[in-house]
Amino acid sequence: MPDCDKVLLVQAELDGELGAAEAASLAAHRAECPICQAAAAEFAQARALMRDDLYQPVPEDMRQRVIATIAAAQPPRPQMSATAMPTTPGWWRRWWSNGASFGLGAACAAALAFLLVMPAMPPGLTEQIVAGHVRALQPGHLQDVASEDRHTVKPWFDGRIDFAPPVKDLAAVRFPLTGGRLDYLNGRPVAALVYQRDKHVIDLFVWPASGETSPQTAERQGYNIVHWSQNGMAFWAVSDLEAAQLKQFAEDWRRAP
Amino acid sequence: MAISVSQGGRWLALDHRRIGRVGDVLNSSPGDTFEAVVLPYLDAAHNLARWLMRDPASAEDVLQEAMLRALTYFPSFKGVNPRGWLLQIVRNTAYASMSLNRGVELVPPTNSSDETEDVVARLPSGDDDPETSLIRARERDRVHRMIAALPIELRETLVLRELEELSYKEIAEVTHMPIGTVMSRLWRARRLLAQAARRDEAA
């Protein structure tokens, strides 16, 4: 069978691995080489077979078993208090050693100031929120219940989680609800509601928490985050949506009946 | 991006690649936990284990073992690509498991009962009528079998490129192969797949 030594380059171009200059010189060759044209056709045929549903994400029960294995293999984490979120060990150690070097009074003052400035922002939680969002965006993991009807989404959480998350549909303000799922943050199950603005996915994590706070924003790895507390629940919204729009989402959500 | 050349419906996979890149910088700040850096790639780890091992139980064994190894090595992980790092561990674990259980890889790839269960479990709920779902599941199953029939070194290259959307360089790192070998294996995998599809249609 006849062959051409540029076939692998044609493949590399179609895989997006060539620079513009290389691609341009290859295009001239390809226009005249029937072997490379056939190769491009074969490439297209093979790629057309590779559908997203061939991806095999970890089944939920297996995910839980793996997480349990990891948890069992790690030392237990220190707790701030019975009601506060567990902290990450690294943060705890840094905080503790800083405090010790400045003396106890300074440590208490620093801790108090820290808690006053950032009442609901334990370090590590923001990263976990983003990681949870990233994980959910992988094929097949965004939602366990897919529905635009909040009367379908809300009851779905019954028996799956130990609280009833408030579910609102914001389709009227162009943030339609698309579904929900269970997620795990700080070692506890939380409700994740999934909303959409155009092609952007918004995850809204919800769990019980005391206090009322107005929306605060953060940014991690290109994702925007807004969090607030109301009516006994903590809310964390995360998305690649631009910051102003995500803030709008938070405001709309808070106002919606 | 060049990946979008072919057909519709790939935007999720595209996003998935972008996420890999975004996630890759996760470990840059100190104090990040194993959960924050590595666990987001559990799906990627499972996908590779599942495609290498062929049956769900041994894939789970490999996944569990690989995650424990990753946890052990995590304190010394200083790289910039946690997904590639984890996939490398999964691959090493899978190959070690296969050499321990010689013959596992000789089991015919079309293990029908497992695959059928998979298909049923993965039937989309709600958004399609049952008939469309069934046709889609059958089509998926058909391609699944064709990929599963590829030799393991071609299959892993194809899965890492097309499903995990790794670059040639990343695949070379995960599989410990020169980039030239990655390219020729990928091309052989694609040709075999396209040939199998043509044979299938002719039959």
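Which residue in β6(A) stands opposite A:Thr217? In this predicted model, the residue of β6(A) that stands opposite A:Thr217 is A:Val226.

## The β5–β6 hairpin of chain A

Strands β5(A) and β6(A), the latter made of residues 223–230, pair in the antiparallel sense over six bridges. Besides the placing of A:Thr217 opposite A:Val226, A:Gln216 has A:His227 of β6(A) as its bridge partner. The hairpin that these two strands form has two residues between the strands, and in it A:Gln221 takes a positive phi near 50°.

## The sheet around the hairpin

The hairpin strands belong to an open sheet of seven strands in chain A, which follows the order β1-β2-β3-β4-β7-β6-β5 with antiparallel pairing. At the edges stand β1 (145–146) and β5 (213–220) of chain A, and because each has a single partner strand, one side of each is left without a neighbour in the sheet. Helix α9 of chain A, residues 243–255, packs on this sheet and touches β3 (188–197), β4 (200–208), β5, β6 and β7 (233–239) of chain A, while its direction makes about 20° with that of β6(A).

Strands of a sheet pair through backbone hydrogen bonds, either parallel or antiparallel.

## Chain B

The secondary structure of chain B comprises 10 helices and zero strands, so that, by the runs that define these elements, its order from the N terminus on reads α-α-α-α-α-α-α-α-α-α. Of the 203 residues in chain B, 39% count as buried. Where contacts in chain B link residues at least 6 apart in sequence, 64% of them join residues at least 24 apart.

Definitions and conventions: Residues numbered from 1 in each chain as written. Chains lettered and ligands numbered in written order. Predicted model: local features only at pLDDT ≥ 70, side-chain atom pairs only at ≥ 80, totals over all residues. Helix = DSSP H or I, 4+ residues; strand = E, 2+ residues; numbered from the N terminus. Buried ≥ 20, exposed ≤ 12 C-beta atoms within 10 Å, placed from the backbone. Contact = placed C-beta atoms within 7 Å. Pairing = 2+ DSSP bridges. Axes fitted to C-alpha atoms, helices over the stretch in contact; angles between N-to-C directions.
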